[in-house]
Every structure is written in structure tokens, then in C-alpha cells.
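Student: I should like to learn how the features of a protein model are read. May we go through one together?

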Amino acid sequence: MNRRERFWRTMRFEPVDRLPLWADWLGPWERWAEQGLALPEGIGTESGGMREWCLGHFGFEGMYSAFWGIPRVPVNVGVCPPYPYEVLEETETYVIYRGGNGCIVKQFPNEGSKLHSTQWLDFPIKCRADWEEMRDQHLDPYAVGRYPDDATWEALKLAWRADDRPLSIDGGSFYGFVRDWVGCENLSLLMYDDPDLVHEMMDYLGDFFARVLERAVREVPIDFAMFWEDMCYNAGPLISPAMFRGFMLPNYQKVTSFLEANGVELSWVDCDGNIEALIPLWIEGGVRGFYPLEVASGMDAVNLRQQYGQEIVMWGNVDKRALTAGKEAIDAELARLAPIIPQGGFIPLVDHGVPDDVPYAHYLYYLEQRKRLTGN
């Protein structure tokens with residue numbers, strides 16, 4: 001059984017020899033090096049080489065992201081060409097810059113971490129004229145740069161056909177993209193003050209994503225698409241289910257039906273927070289997969305399986321806080337998930353990135369126990 005077969009048998013609730021051993025989203029390299037992780041010389045912790053080394057070192061066979069070994073078709077479904085990067089102010093404690101999506105942000109480095117605290121200061125879309133300018137100048141579905149150059153593209157297609165790993169592609173984002181361009185509070189107000197403009201933006205994106213992806217799905221055998229939203233906090237969604245139904249649902253249906261018609265059988269959504277109120281709507285919109293299912297936000301894969309059965313597939317839902325707490329907490333967390341692992345349709349992973357305060361020994365223990373539980 002190769003890796004693609006194992007993935008699909010898992011997602012179809014069929015018997016497998018073992019679950020896919022996908023990577024958690026790792027990152028506390030420097031601290032782990034101080035605690036016994038022997039990092040290879042000459043490989044930066046932010047490099048692709050580091051990620052490839054990590055896969056081999058821990059025995060992972062990939063994850064959905066190209067960062068962690070599952071190949072992802074490199075099609076740009078966002079702002080293209082990007083806005084010019086521009087540093088507006090820089091001090092010893094922060095930097096203010098305009099990023100590729102047109103937003104002006106203020107970043108503060110977190111001491112001892114690769115992560116940064118970010119404050120959003122300004123957004124590229126404030127009115128219809130701004131939207132029309134972005135649409136015309138940065139959201140042409142056929143813009144140069146959305147795909148690799150022809151030689152690279154052909155070489156990638158040959159490599160993917162010879163690869164037994166499942167192949168993924170970005171499906172796009174509706175709330176997430178528009179929120180980034182408008183601002184969270186501004187978008188909430190705009191849905192009341194100018195709903196026609198919000199409809200116009202999201203309706204355009206529905207057609208836009210299908211046009212961008214058209215070449216890829218016709219030329220490459222893609223296994224699944226991953227949408228991104230991050231539209232929930234720890235108690236629920238940032239917009240009501242009724243707003244999701246009105247603004248987003250028809251466009252999800254538009255894109256997922258296009259994908260299915262072109263052989264992409266499965267669509268997932270990556271959304272932090274408590275997504276329970278939106279799961280039925282995503283299902284209606286053609287999305288069956290959910291990640292990361294954050295435990296701190298009340299998400300429980302066991303309860304979701306009881307509620308939805310084989311209607312959904314999942315990955316994630318291992319409480320990241322258990323890895324910090326130690327062996328007893330790790331054992332209890334994996335025991336919580338043990339009943340649904342044999343049922344299929346679920347790959348246990350840390351529910352988002354592994355925090356910097358997780359000791360290396362704790363992660364090794366967790367991974368050993370997870371391998372035991374999943375037959376690896």
C-alpha cells in the first residue's frame with residue numbers, strides 16, 4: 001500500500017495497514033537544539049532543507065502543506081502581482097511595512113521566538129473604488145506569476161506523476177481574503193452598510209478561483225483542495241451562520257463543484273477557533289474536511305464523529321497544551337482520541353503549531369505514543 005492509497009483508504013473509512021504519519025507543524029528548533037536535538041550543520045531553521053531533514057529525522061511521510069512534505073501545486077490564488085514591499089518605519093523594537101497584500105502592519109519580534117506580534121494599521125480596500133483597483137490590477141486570474149514558468153511546470157508535472165504521495169492545491173478563501181484586505185471590524189460593518197459590495201467581492205472570488213485553478217486541475221491529478229478562512233475565535237464564528245449562507249455558501253458551491261467536476265474529490269478547510277456552527281454550512285458548500293480542530297476552542301473530534309459520522313473527515317485535534325504539560329497529559333489526550341482512530345477518516349495531529357514551550361523530550365514521547373496508537 002503506497003502513501004496515496006493509504007491516504008485515500010483512510011479518508012474513505014476503509015481498512016489500512018496504518019494511518020498516514022503526517023508531520024505536526026514544528027518550529028521550536030533553537031530551544032530543542034539546546035535540549036538534545038542534533039540539528040544538521042549548514043541548514044538554516046527557516047529553509048526548505050530543514051523541513052526535508054525534519055521529515056526524515058522524525059520518520060514523517062508528509063503533511064498537507066508543501067512545507068511538510070505533501071506536494072502542493074504552486075498556484076498563486078491570491079494577490080498577484082503583489083504590492084511592492086515597503087518599509088515605512090523601523091526601530092529597535094518594531095518595523096512598520098506595507099506587505100504584498102497591500103496592508104500596512106506593525107511587527108514586534110517576540111523575544112526568544114521566530115514568531116512576531118502583529119498590529120494591522122491600514123488596509124488597501126476602504127471603498128468600491130479601492131476594490132475595483134485591486135480587482136483590476138492584482139486579481140487577474142491569468143496574470144503572469146500565478147503559475148511557474150513553462151519549463152518548471154512541465155518538470156513538476158513529471159515529478160508529481162512519479163510520486164506516490166497525495167497531491168494538494170490551494171482552493172482559495174472568501175472571508176479570510178476579504179477580511180485581510182478590508183480589516184476584521186471594517187468587514188463586519190461593511191456587511192451591514194454595503195452588503196452589495198461584499199457580495200460583489202466574494203462573488204468575484206468564486207469565479208476567480210475557478211479560473212485560476214482551471215489549468216492545474218485539467219493537467220494534474222490533484223487529490224484534494226485546501227481552503228483557508230480563520231474566521232472563528234474560541235467561542236464561535238466572527239460572522240453569523242446566516243451571513244455565511246448569504247455571502248459565502250453559493251461561492252463555496254461554485255468552486256467545489258468545479259473542482260469535483262475536474263476530478264478533485266475532496267475539499268478541506270483550515271480554520272482556527274470553534275467552527276461548530278459553520279460545519280453544516282461548509283458541508284452544504286462541498287467541504288468535507290476540517291483542520292486543526294483546536295481543543296482550547298472546544299473542538300472535539302470524538303463528538304464530531306458521533307454527530308456527523310462519515311459525512312466529514314478530520315485531522316488535528318491533539319491539544320497542544322498537553323505536550324507542554326508532560327507525559328500524563330499526553331497519555332490522557334491520546335486516550336481521548338483513541339476510540340475514533342480505528343474508524344478512519346481522521347489523522348491525529350497537534351492542533352496547529354507546536355508551541356515554543358514544549359520540551360523536546362515531551363514531543364518525542366508524544367510522537368512515540370502517537371505512532372503506537374496509529375500503527376506506525
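The dialogue below takes up helices, the nonpolar core, cysteines and backbone geometry in turn.

Tutor: Please keep in mind throughout that this is a predicted model.

Student: Let us begin with a helix. Which residues of helix α13 are buried?

Tutor: The general idea comes first. An α-helix has 3.6 residues a turn, so residues three or four places apart point the same way. In this structure, helix α13 spans residues 327–337, and its buried residues are I330, E333, L334 and L337. These residues lie on the same side of α13, because the arc they cover around the axis is only 95 degrees.

Student: Against which elements do the buried residues of α13 pack?

Tutor: They pack against three helices and two strands, namely α11 (301–308), α12 (320–325), α14 (360–374), β12 (313–318) and β13 (346–350).

Student: How should I read the packing of two helices, and at what angle do α8 and α9 pack?

Tutor: One reads the angle between the axes together with the distance separating them. For α8 and helix α9 (residues 241–261), the angle is about 10 degrees and the axes are 9 Å apart. The two helices are therefore roughly parallel to each other. Among the residues that make the contact are V198, M202, F209 and L213 of α8, and F247, M248, V255 and F258 of α9.

Student: My next topic is the core. Which residues touch the most other members of the largest nonpolar core?

Tutor: In soluble globular proteins, nonpolar side chains tend to be buried together. Here the largest nonpolar core has 98 residues, and W282 and Y363 touch the most other members. Helix α8 (residues 195–219) supplies the largest share of this core, with 12 residues.

Student: Which residues does Y363 touch?

Tutor: Leaving aside residues up to four places away in sequence, Y363 touches D24, L26, W32, F58, F60, L323, V354 and V358. There is also a second, separate core of 15 residues, which includes F7, W22, I70 and L349.

Student: Let us turn to the cysteines. How many disulfides does the structure hold?

Tutor: A disulfide is a covalent bond between the sulfur atoms of two cysteines. This structure holds zero disulfides. C127, for instance, is in no disulfide, and the nearest cysteine sulfur, that of C103, is 15 Å away. C127 is partly exposed, with a relative accessible area of 35%.

Student: Why does C80 form no such bond?

Tutor: The closest cysteine sulfur to that of C80 is in C103, and the 17 Å between them is too far for a bond. C80 counts as buried, at 5% relative accessibility.

Student: I have also heard of cis peptide bonds. Which residues do they join here?

Tutor: One looks at the angle omega of the peptide bond. A cis peptide bond joins C80 and P81, with omega about 0 degrees. P81 is placed in the loop between β1 (72–73) and β2 (86–90). Another cis peptide bond joins Y291 and P292, with omega about 5 degrees; P292 belongs to strand β11 (residues 289–292).

Student: Finally, what is the value of phi in F13, and is this residue buried or exposed?

Tutor: Phi is another backbone angle, and its sign is noted in residues other than glycine. Phi of F13 is near 60 degrees, a positive value. F13 is found in the loop between α1 (3–11) and α2 (29–34), and it is buried, with a relative accessible area of 16%. D230 also has a positive phi, near 45 degrees, and is found in the loop between β7 (224–228) and β8 (232–233).

Definitions and conventions: Residues numbered from 1 in each chain as written. Predicted model: local features only at pLDDT ≥ 70, side-chain atom pairs only at ≥ 80, totals over all residues. Heavy atoms only, no water. Buried < 20%, exposed > 50% of the residue type's maximum accessible area, 1.4 Å probe, protein only. Helix = DSSP H or I, 4+ residues; strand = E, 2+ residues; numbered from the N terminus. Arc of directions from axis to C-beta. Contact = heavy atoms within 4.5 Å. Disulfide = S-S within 2.5 Å. Core = buried A, V, L, I, M, F, W, Y, C linked by side-chain atoms within 4.5 Å. Axes fitted to C-alpha atoms, helices over the stretch in contact; angles between N-to-C directions. Parallel < 35°, antiparallel > 145°, perpendicular 65-115°, else oblique.
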